[in-house]
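Here are some short exercises to help you find your way around a new structure. Try each one by eye before reading the solution.

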Amino acid sequence: MSESASANAPKPSSSVKLVLLGEAAVGKSSLVLRFVNNDFQENKEPTIGAAFLTQKCSLPTRTIKFEIWDTAGQERFASLAPMYYRNAQAALVVYDVTKPSSLTKAKHWVAELQRQASPGIVIALVGNKLDLTNDGGDVSGATGTAQSESESAQDGDEGAGEEDEVQDAVSGDARKVSTREATGYAEEEGLLFFETSAKTGTNVVDVFTAIANAIPESSLKTGRGTGAGTGQTALGGRSAEDSRVNLGDRNAATAKEGCAC
Amino acid sequence: MPAAGMNTHQDPKTDGQQPVETPDQPYLSRPSILDHDGRSDSSEGERPPLPPRPNTLSLLDDETGSRAALQAEATTAISRTDIETQSPETSESAYSLLAVRGLAQGPKARASLSQLASPRGSEAGDSVSIRSSVPNGDSGDVEALFMDFAATAPGNQRQDATGLLDFPEFAADDIDDDGILSEFEAVGELNEEGDNEELLLQRWKVKRKHYVILSAAGKPIWTRHGDSGLISGYVGVIQTIISFYEDANDHLRGFSAGDTRFVVLTRGSLHLVAISRMMESDNQLRLQLEALYMQILSTLTLPSLTHLFSVRPSTDLSRPLQGSESLLSSLADSFTRGSPSTLLSALECLKIRKQHRQAINNALLKTKASSLLYGLLVAGGRLVSVVRPKKHSLHPGDLQLLFNMVFEADGVKAGGGESWIPVCLPGFNSSGYLYMYVSFLDIRDDIENSAEITKDESVAIVLISPDKEAFFEMQGMRDALVEQMERNGSLKEIKTAIDNGRPSTTDIVPGTVLHHFLYKSRANVQFTMSSYAPEFSSVTRRRRLMSMYNNLHASIHAKNTHVKVHHCVSRSATSFGWVTPVFEFYCIAEPNTNRNALAQSASKIAQWVQREEERLFIIGGAQE
């Protein structure tokens with residue numbers, strides 16, 4: 001859907017580098033494939049290494065071209081992750097709402113990103129496989145309401161927005177992670193938060209739209225520069241070192257800022 | 001002498017059955033037959049009459065009170081030496097020490113085993129076990145005997161020949177029947193109550209081919225069918241058998257139980273076990289196990305594998321291997337379907353005109369990124385062009401792993417984008433990772449074909465660099481390469497070549513009696529073959545074809561035989577193998593095909609290949 005909009009006349013366009021992280025088999029690739037191809041495969045084989053995909057997302061005022069790194073969730077690939085998140089402006093940290101351990105893993109990723117990734121990185125926490133819960137069918141279950149239409153998603157969907165839906169979440173069939181728990185955590189850390197189903201498509205585009213909206217204007221400028229092609233050359237490169245030094249708290253702060261705008 | 005049950009390798013010839021009673025091998029407890037041959041296959045129903053084999057008898061002499069179990073039905077059992085161990089000391093004493101009993105293996109062998117009072121009396125024995133020459137060969141005197149085979153046909157040789165003859169027949173008639181498709185079906189998972197275990201085990205047992213990988217400590221690492229929970233008991237049994245020999249400072253290499261062949265490959269702290277009722281030779285099974293082992297190395301690298309086990313021998317390797325199971329499974333699938341590439345240890349290239357290949361080579365060279373190590377253009381598992389440093393040739397085993405990953409396993413393709421994959425190429429360097437960029441090209445307008453077809457038709461650019469940060473550099477090269485190839489028409493040529501497919505035998509030699517052939521160029525380590533269609537399109541037919549090739553290949557490559565030409569006649573097919581220093585040629589024709597016609601066609605095809613050599617094979621590739 002977001003793609004269609006890309007045909008529109010010349011809006012300023014910028015690239016956003018986005019990385020997906022999360023435990024194996026939570027549905028990272030499925031989310032991406034839903035977003036990029038609007039497609040879903042049952043029993044998809046695990047990703048090997050990492051896959052690189054692009055997709056445009058049209059906002060009222062500009063077009064965002066996502067350059068997506070879909071990483072493999074297996075532990076042996078974890079050491080490669082820095083390469084992918086180093087210059088990322090956005091990260092999708094995914095867990096499986098039916099598997100509590102995957103939320104724990106997600107928290108580790110969030111911590112690592114806050115410690116090591118670029119300071120301004122926008123992080124979205126995403127609970128996938130909503131279709132396996134009782135509220136699977138209805139889109140409103142989780143966050144999405146605010147920006148169900150990609151265009152409309154101006155206001156950040158901070159964790160705060162979600163709180164009201166928490167109640168019904170707990171009743172889900174296979175659900176093992178309550179919306180309340182995840183929302184609470186997301187709020188503390190200043191993350192965007194969504195529950196999605198790659199299978200049904202629930203909230204998937206919304207996540208990306210929300211991220212697009214949350215990227216600070218300032219970082220977009222640089223994004224444009226880098227995105228165009230030349231800047232890509234360094235998968236990792238420079239910012240890695242600097243950002244690692246001591247950005248612990250600043251990260252969190254900026255992330256919040258980002259979302260708030 | 002009968003290096004009977006256990007000799008270091010399989011010896012085709014000696015199989016005496018020595019039913020030995022070893023207390024420790026409860027599992028092997030079938031009536032054991034010594035197979036005289038490395039493998040005896042008996043084909044059901046009809047087997048070609050065998051001449052008496054004097055040798056066999058003598059081999060049997062040593063054995064004490066062995067009774068040969070014959071398979072009353074004609075089975076093509078391959079019975080090789082049943083238990084082969086690689087014992088450092090292959091002395092007879094060793095053998096006798098470990099009392100091994102040979103088991104008769106025949107696919108249908110178990111149904112009826114007639115036991116002979118003594119092995120020697122057995123004409124039955126003869127007929128039952130037709131030896132095929134097993135490549136691994138024999139040790140000691142045994143080998144010497146075989147030397148002559150090729151040249152002269154008396155005695156032993158005779159047996160050999162008969163063995164060969166039988167194989168195809170059996171393969172075609174018995175083994176490969178319809179069940180093959182179910183080989184690929186999952187056994188299923190235990191349900192929560194665990195009450196479907198019996199059913200699952202039953203399904204598990206029906207499979208004709210298993211692979212089990214376990215650690216020296218006995219931890220299951222990967223199993224082809226069924227999860228480790230379901231079959232942990234069996235894994236324990238395997239572990240017990242293997243360690244029984246290890247305790248005696250010996251290494252178990254293989255054994256038979258009924259019609260089932262077990263082959264064990266030990267690498268470091270890993271035991272890889274192939275269990276097959278598909279009449280494959282030990283060598284062939286061992287090659288398959290090697291490939292699985294290479295896949296594990298490719299995932300972990302040798303040093304980290306070694307490290308894991310040296311730190312903690314009881315390491316559960318399945319964890320670090322997580323996510324690569326699909327690669328192992330797709331390798332296993334292709335071995336089950338039958339893989340000419342694995343059989344011949346060679347690669348297949350896309351047939352394309354020399355000048356077109358040259359244009360592609362040039363495009364590769366022109367766009368070559370500075371950190372590129374290898375650049376490959378691959379169409380459905382067939383190599384189109386390769387750019388490589390002069391000093392480094394490519395190891396076919398490595399390419400097999402890459403092609404498996406890219407084309408057979410779904411993990412890469414299903415990602416829907418470009419991929420960047422750390423991969424160790426054990427043939428190149430088993431101690432570190434390289435980084436592989438993979439991008440599929442859309443050269444078809446109509447992509448909505450069946451999975452099988454798309455697999456054959458998909459074209460991938462594979463760029464390998466030692467630099468893990470080189471993704472965008474490789475991406476840049478890919479873009480430039482595609483642009484070049486679009487401009488000079490190469491993409492269209494590739495598409496045309498793919499559409500043309502492999503030629504059928506009648507395209508090459510009009511009216512030929514041949515249905516299918518494999519031709520391996522030894523110098524280039526590449527092979528070419530005719531199309532499977534129409535005769536061998538189905539999985540079942542193709543599996544039969546591959547079984548015939550397996551048998552032919554095993555016969556020809558039997559250790560210490562110097563076969564140049566091999567002609568087998570059976571009820572269902574005629575097969576013909578021809579080996580020269582330049583090439584290996586294998587072909588299949590109708591049963592009762594006239595031998596002259598066969599030979600004529602074969603030599604015409606060989607001539608054709610030589611004429612077309614530069615189209616069929618990549619000679620040298622693009623080198624910087």
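**Exercise 1.** Leaving aside its neighbours within four places in sequence, which residues is A:Leu125 in contact with?

Solution. Keep in mind that you're looking at a predicted model.
- Step one: go to A:Leu125 and skip whatever lies within four places of it in sequence; what's left in contact is A:Val93, A:Ala106, A:Val110, A:Ala182, A:Ala186, A:Leu191, A:Leu192 and A:Phe193.
- Step two: pick A:Phe193 from that list, since it is also the bridge partner of A:Leu125 in S6(A).
- Step three: widen the view to the strands, where S5 (residues 122–128) and S6 of chain A run parallel and are joined by four bridges.
- Step four: turn to the nonpolar core, the largest one, with 199 residues; A:Leu125 and A:Val93 are among the members that touch the most others, and so is B:Val462 from the other chain. Helix H8 (residues 282–300) of chain B gives this core nine residues, the most of any element.

**Exercise 2.** Work out whether the faces of strand S6 (residues 192–195) of chain A are covered or open.

Solution.
- Step one: recall that side chains in a regular strand alternate between the two faces of the sheet.
- Step two: sort the residues, with A:Leu192 and A:Phe194 on one side, and A:Phe193 and A:Glu195 on the other.
- Step three: check burial. All four are buried, so both faces are covered, with 20 or more other C-beta atoms within 10 Å as the cut-off.

**Exercise 3.** Find how many residues each chain brings to the contact between chains A and B, and which element of chain B gives the most.

Solution.
- Step one: count the two sides, which gives 27 residues from chain A and 23 from chain B.
- Step two: on the chain B side, look for elements that give two or more residues; these are helix H14 (410–413), S14 and H16. S14(B) comes out on top with five residues.
- Step three: sort that side by class, and you get ten nonpolar, eight polar and five charged residues.
- Step four: follow S14(B) across to chain A, where it pairs with strand S2 (residues 50–58) in the antiparallel sense over three bridges. One bridge to look for links A:Phe52 with B:Glu418.

**Exercise 4.** Check what span helix H16 (residues 471–487) of chain B should have, then see what it packs against.

Solution.
- Step one: at 1.5 Å a residue, the 17 residues should span 24 Å, and the end C-alpha atoms are 24 Å apart, so the two agree.
- Step two: pick out the buried residues, including B:Phe471, B:Met474, B:Leu481 and B:Met485.
- Step three: see what the buried residues of H16(B) pack against: helices H12 and H17, plus strands S14, S15 and S16, of chain B.
- Step four: look just past the end of H16(B), where B:Gly489 takes a positive phi of about 80°.

**Exercise 5.** Trace the order of the six-stranded open sheet in chain B and name its edge strands.

Solution.
- Step one: read across the sheet as S11-S18-S17-S21-S20-S19, with mixed pairing.
- Step two: find the strands that pair on one side only, which are S11 (347–348) and S19 (565–569).
- Step three: zoom in on S17 and S18 of chain B, an antiparallel pair with four bridges. B:Gln526 in S18(B) is the bridge partner of B:Ser521.
- Step four: add helix H20 (residues 595–611) of chain B, which lies across S17, S18, S19, S20 and S21 and runs at about 135° to S21(B).

Conventions: Residues numbered from 1 in each chain as written. Chains lettered and ligands numbered in written order. Predicted model: local features only at pLDDT ≥ 70, side-chain atom pairs only at ≥ 80, totals over all residues. Expected span 1.5 Å × (residues − 1). Buried ≥ 20, exposed ≤ 12 C-beta atoms within 10 Å, placed from the backbone. Contact = placed C-beta atoms within 7 Å. Nonpolar A, V, L, I, M, F, W, Y, C, P; charged D, E, K, R; others polar. Pairing = 2+ DSSP bridges. Core = buried A, V, L, I, M, F, W, Y, C linked by C-beta atoms within 7 Å. Axes fitted to C-alpha atoms, helices over the stretch in contact; angles between N-to-C directions.
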